[in-house]
Amino acid sequence: MLSILDIFRIGIGPSSSHTVGPMRIAVRFVRALNKAGALERTARMAVELQGSLALTGVGHGTVDATILGLAGFRPDRTDPDDAAKALARIQETGRLELSGQHAIAFDKARDIDLAGHIIPDLHPNGMHLVARDGEGSVLLERTYYSTGGGFVASAAQLARKPKDDRVRTGSPVPHPFGSAAELLALCEGHALSIADLVLANEDAMRPRDETMAGLDRISEAMDGCIDRGLSQRGILPGGLKVRRRAPDLWDKLSAQPQSNERESLFDWLNCYAMAVNEENAAGGRVVTAPTNGAAGIIPAVMRFYCKTADEEDCKESRRTFLLTSGAIGLLYKQRASISGAEMGCQGEVGVACSMAAGGLAALWGGNPEQVASAAEIGMEHNLGLTCDPVGGLVQVPCIERNAIGAVKAVNAARLALHRTAAESCVTLDQVIETMRQTGLDMSTKYKETSQGGLAVNVIEC
C-alpha cells in the first residue's frame with residue numbers, strides 16, 4: 001500500500017502535477033547522473049516538456065520548477081523567496097549549478113523545449129531529459145511522467161502491467177485493500193474504523209509517533225497556508241489581473257463572528273478554501289490534497305469542523321480526518337487517477353470533495369459504510385468536471401471551484417448520514433470506475449491543456 005503521507009505532500013504552487021512533479025523529476029535525474037559518475041562531465045542539459053506539461057506549463061510554473069529541480073531545490077523544502085532569487089541569478093548569469101555542485105551554461109529558451117504537440121501514450125505529462133558532455137555525446141537520457149499529486153514515475157514503471165486488476169504498490173501492510181469493498185470488509189471483520197485500520201497499516205511503515213508527527217505537520221502546513229492566504233492582498237501573478245478576495249471576506253466574517261445566518265457557513269468555507277488556492281496561485285507553500293489545484297477543499301472543511309477549545313481534541317479530530325480522507329484518496333490513486341491531465345478536474349476537485357466528505361462523515365460519527373457513502377456522493381456530483389484553466393493559470397475557475405467543492409463536501413456528508421445502506425444505489429467503487437471511464441472518454445481539450453472550455457471562451461478577466 002501507499003502511505004497516507006504520500007497522498008498529502010508539502011510543496012509549492014501552483015500545481016502538483018506541473019510544478020511539484022517536474023521539480024522532483026529534475027532532482028531525480030540529476031541524482032541518477034551523479035550516481036552514474038557523469039555529473040562532473042556534464043556540459044549541457046536539455047529538457048523536453050511534453051503534452052500538458054508544455055501546453056499549460058508556462059502558467060503552471062513548469063519551466064521554473066524544472067530549473068529549480070536541476071539546481072537541487074526540493075518541493076517540500078523550498079522557500080518561494082529563495083527560489084525566486086535563484087531563478088533570477090540563473091537568468092542573469094546564464095549559469096546553473098546542477099544539484100548545487102556542478103555549474104553549466106544554461107539558457108531556458110534554448111535548453112527547455114515546450115513540445116505540446118507530443119502527447120505521450122503512457123501519460124500526458126511527459127518529461128524527457130538528456131545530459132551531454134562538452135563534445136555533445138549523451139551521458140544520460142531518460143523519460144519520466146508526472147502522474148498527479150506530486151507523484152512521478154519512469155516509463156518502465158508506467159509500462160509495467162499489474163498482476164491482477166488492482167494496482168499493488170508500496171509497502172506490505174497487515175490490512176491491504178485495493179477497493180472500497182475490501183476496505184469496508186476489513187473494517188467490519190476487524191471491528192475497526194477506517195482511520196484505525198489505516199493507522200495500523202501505517203504502523204508497518206514507520207513508528208506510530210512518526211506517523212502522528214507527520215499528520216500534525218500536514219495539518220499545521222494546511223493551517224499555515226490558510227493564514228497566509230488570509231493576510232496577503234493584491235493581484236495574483238500571471239496577467240489575468242485576478243485580485244485576492246479571501247482577506248476581504250475574512251475581515252467581514254471576523255467583524256460578525258456570531259452571525260446566525262445559515263449562509264455564513266458557506267462564507268467561512270469559501271473564505272478558507274479561496275485563501276489556500278489564492279496562495280497556491282501565487283506560488284506559495286501548500287499541501288497537495290490530493291493535488292495543488294484542489295488543495296483548498298480539505299483544509300477548509302478541516303479548519304471549520306475540527307476547531308475546538310481543547311487543543312488535544314482538535315489534534316485528534318484532525319488526525320482522524322486526514323487518515324479517513326487519505327484512505328479514500330488512496331482508492332482513487334490506485335484504481336483511477338488524481339491527474340487533471342488524465343481525468344479532468346473531476347480527478348482533482350472531484351477527488352478532494354470526495355475525500356473531504358468521507359473525512360467529515362467520520363468526524364460526525366459515521367460508520368465506515370456511511371463514510372464510503374459520503375465519498376461516493378461527493379464524487380457522483382463532480383463526474384465530468386473539466387479542467388480548463390483560463391490562460392493556463394491555476395486561477396480561473398480553479399480558485400472558486402475549490403470553494404464550491406468544500407461546500408459540496410459538507411452537503412455530501414450530511415446526505416450520507418441521513419440515508420441507510422439500503423437506500424444507496426451507487427457504491428464508491430462504482431463511482432470511482434465511472435470517473436475513470438469518464439476521464440478516458442473526455443476530450444483532451446478539457447484535460448489541463450487550455451484548449452477548450454472556459455480557457456478558449458474567456459479571453460481576459
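In which loop is Glu448 found? In this predicted model, Glu448 lies in the loop between H19 and helix H20 (454-457). The legends below describe that residue and several other close-up views.

**Figure 1. Glu448 in the loop that follows helix H19 and precedes helix H20 (454-457).** The phi angle of Glu448 is near 60 degrees, a positive value in a residue other than glycine. Most residues other than glycine have a negative phi, and most peptide bonds are trans. Glu448 counts as buried because its relative accessibility is 2%, and the cut-off for that class is under 20%.

**Figure 2. Lys241 in the loop between helix H10 (208-231) and helix H11 (246-255).** Lys241 is another residue other than glycine with a positive phi, its value being near 60 degrees. Is Lys241 buried or exposed? Lys241 is exposed, because its relative accessible area is 66% and the exposed class begins over 50%.

**Figure 3. Helix H19 (residues 428-441) and its surroundings.** The helix has 14 residues, and 20 Å separate its first C-alpha from its last. This reach is close to the 20 Å expected at 1.5 Å a residue. Which residues of H19 are buried? They are Leu428, Asp429, Val431, Ile432, Met435 and Gly439. An α-helix has 3.6 residues a turn, so residues three or four places apart point the same way. The cover over the buried residues of H19 includes helix H8 (180-190), helix H14 (311-335), helix H15 (340-343), helix H16 (349-363) and helix H17 (368-380).

**Figure 4. Pro368 in helix H17.** Pro368 counts as buried because its relative accessibility is 16%. Leaving aside residues up to four places away in sequence, Pro368 touches Leu184, Cys187, Leu192, Ser193 and Ile194. The C-alpha atom of Pro368 is 9.5 Å from that of Ala185, although these two residues are 183 residues apart along the chain.

**Figure 5. Helix H13 (297-305) and the helices packed against its buried residues.** Seven of the nine residues of H13 are buried, so this helix is largely enclosed by the rest of the structure. The buried residues are Ile297, Ile298, Pro299, Ala300, Val301, Met302 and Arg303. Against them pack H10, helix H12 (264-281), H14, H16 and helix H18 (398-417).

**Figure 6. Two cis peptide bonds, one before Pro14 and one before Pro290.** Gly13 and Pro14 are joined by a cis peptide bond with omega of about 10 degrees. Pro14 is placed in the loop between strand S1 (9-12) and helix H2 (16-35). The bond from Ala289 to Pro290 is also cis, and here omega is near 0 degrees. Pro290 belongs to the loop between strand S9 (285-288) and helix H13 (297-305).

**Figure 7. The interface of domain 1 (18-146) and domain 2 (180-446).** The centres of the two domains, taken over C-alpha atoms, are separated by 31 Å. Domain 1 contributes 13 residues to the contact, and domain 2 contributes eleven residues. Together the domains bury about 820 Å² between them, with 59% of this area on carbon and sulfur atoms. How many salt bridges are counted between domain 1 and domain 2? The count is zero. Four residue pairs are in polar contact across the interface of domain 1 and domain 2.

Technical notes: Residues are numbered from 1 along each chain as its sequence is written. This is a predicted model: local features need pLDDT of at least 70, side-chain atom pairs count only at pLDDT 80 or more; totals for chains, interfaces and linings use all residues. Side-chain values use heavy atoms; hydrogens and water are left out. Helices (H or I, at least four residues) and strands (E, at least two) are DSSP runs, numbered from the N terminus. The expected span of a helix is 1.5 Å times one less than its number of residues. Buried means under 20% relative accessible area, exposed over 50%, partly exposed in between (1.4 Å probe, protein chains only). Contact means heavy atoms within 4.5 Å. Domain bounds come from an automatic or database domain assignment. Buried area is the accessible area (1.4 Å probe) that two parts lose on being put together, summed over both. A salt bridge is a side-chain nitrogen of Lys or Arg within 4 Å of a carboxyl oxygen of Asp or Glu. A polar contact is a pair of N or O atoms within 3.5 Å; within protein, one must be able to donate a hydrogen and the other to accept it, and residues adjacent in sequence count only if both atoms are side-chain atoms.
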